[in-house]
Amino acid sequence: KQNQQGQKKDVKVVMLGDKAVGKSSLASRFCFDKFQSEYEITIGGVYNSVDMAVKGQQLKIHLWDTAGEEKFKSLLSLYYRDANAAIIVYDITQIETFNSIQGWLTELDDKIQKDGMVLALVGNKCDCLESDRKVPKQKASEFAKTHGMIFYETSAKTGEGVKPMFTQLIEQYAQDK
Ligand code: GDP
């Protein structure tokens, strides 16, 4: 989609995943390069936009952060129906959040079949102690490969992996165009 100036292309990205995996924190790290340690519950959804230049193209990234709570699930399709990319996040220290990934993919299935979508699997909180890790990196990376997803481990806290993940996601989108 071209905007009125005919220059910046709009790219809509949605963040999905169970609650407290760090979706809002990743969005805030990417958009404002900051991290807040207090826990804030996202009601419904929060939106930010960031300009990015990828492979000579000027893009406007519209980042939608969704709520993981079951009660908002009925609203989810409103977020992703016109999305170009989805980032599905789990917490590497909470195995249940990784086990939920398949459900998130199923949720998106119709949309993926119909319009295609660039997908990223993100294991967040990689700053945590290795002894607290519950999801082996190799296991997650194989899952991502099987499902044609980009894979990164990130830390919204330190910033590790955040920019590379967004950059690869957007590059893949730009390349698929
Ligand atoms: P959301 O519900 O998925 O949006 O999760 P939040 O972004 O609100 O984060 C939930 C909790 O995890 C908060 O207390 C954050 O400070 C914390 N958190 C988020 N990202 C990280 C991270 O990369 N490392 C660590 N150690 N904590 C994080």
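**Exercise 1. A salt bridge across the sequence**

Asp 91 forms a salt bridge with Lys 125, the closest N and O atoms being 3.3 Å apart; determine where each partner lies and how far it is exposed.

*Solution.* The structure is a predicted model, in which local features need pLDDT of at least 70 and side-chain atom pairs count only at pLDDT 80 or more, whereas totals for chains, interfaces and linings use all residues. Residues are numbered from 1 along each chain as its sequence is written, and side-chain values use heavy atoms, with hydrogens and water left out.

Step 1. The criterion is a side-chain nitrogen of Lys or Arg within 4 Å of a carboxyl oxygen of Asp or Glu. By this rule the count comes to 7 salt bridges.

Step 2. Asp 91 belongs to strand β4 (residues 85-91), while Lys 125 sits in the loop between β5 (118-124) and α5 (137-146). The two are 34 residues apart, so the pair links distant parts of the chain. Elements here are DSSP runs numbered from the N terminus: helices are H or I of at least four residues, strands are E of at least two.

Step 3. Accessibility classes are buried (under 20% relative accessible area), exposed (over 50%) and partly exposed (in between), with a 1.4 Å probe and protein chains only. Asp 91 has a relative accessible area of 4% and is therefore buried; Lys 125, at 26%, is partly exposed.

**Exercise 2. Further charged pairs**

Describe the salt bridge between Lys 111 and Asp 115, then that between Glu 130 and Arg 133.

*Solution.* Step 1. The side chains of Lys 111 and Asp 115 meet at 2.9 Å, N to O. Both residues lie in helix α4 (residues 101-115), 4 residues apart, about one turn of the helix.

Step 2. Lys 111 is buried, because its relative accessible area is 8%, whereas Asp 115 is partly exposed at 46%.

Step 3. For Glu 130 and Arg 133 the N to O distance is 2.6 Å. Glu 130 is exposed, with a relative accessible area of 56%.

Step 4. In addition, Lys 8, Asp 51 and Lys 60 are joined into one network by salt bridges that share partners.

**Exercise 3. Aromatic pairs**

Classify the ring pairs Phe 30 with Phe 166 and Tyr 90 with Phe 98.

*Solution.* Step 1. Rings of Phe, Tyr and Trp (its six-membered ring) pair if their centres lie within 6.5 Å; planes under 30 degrees apart count as stacked, over 60 as edge-to-face and the rest as tilted. By this rule the count comes to 4 aromatic pairs.

Step 2. Phe 30 and Phe 166 have ring centres 3.7 Å apart and planes at 5°, so this pair is stacked. The pair links distant parts of the chain, as Phe 30 is in helix α1 (residues 23-32) and Phe 166 is in helix α6 (residues 162-176), 136 residues apart. Phe 30 and Phe 166 are buried.

Step 3. For Tyr 90 and Phe 98 the centres are 5.0 Å apart and the planes stand at 70°, so the pair is edge-to-face. Tyr 90 is buried at 0% relative accessible area, and Phe 98 counts as buried at 7%. Together with Phe 143, Tyr 90 and Phe 98 form one aromatic cluster.

**Exercise 4. Strand β4 and the nonpolar cores**

Which strands pair with β4, and which residues have the most contacts inside the largest nonpolar core?

*Solution.* Step 1. Two strands pair if DSSP finds at least two bridges between them. Strand β1 (residues 9-17) and β4 pair in the parallel sense over 5 bridges, with Met 15 partnered by Ile 87 of β4. β4 and β5 run parallel, joined by 7 bridges; Val 122 in β5 is the bridge partner of Val 89.

Step 2. In β4, 7 of the 7 residues are buried, so the strand is largely enclosed by the rest of the structure. Ala 85, Ile 87, Val 89 and Asp 91 point one way, and Ala 86, Ile 88 and Tyr 90 the other way.

Step 3. A nonpolar core is a set of buried Ala, Val, Leu, Ile, Met, Phe, Trp, Tyr and Cys residues joined through side-chain atoms within 4.5 Å. The largest has 29 residues, and those with the most contacts inside it are Val 13, Phe 30, Leu 63, Ile 87, Phe 166, Leu 169 and Ile 170. α6 gives the most to this core, with 7 residues.

Step 4. Apart from this core lies another, of 25 residues, including Val 14, Tyr 79, Ala 86 and Val 135.
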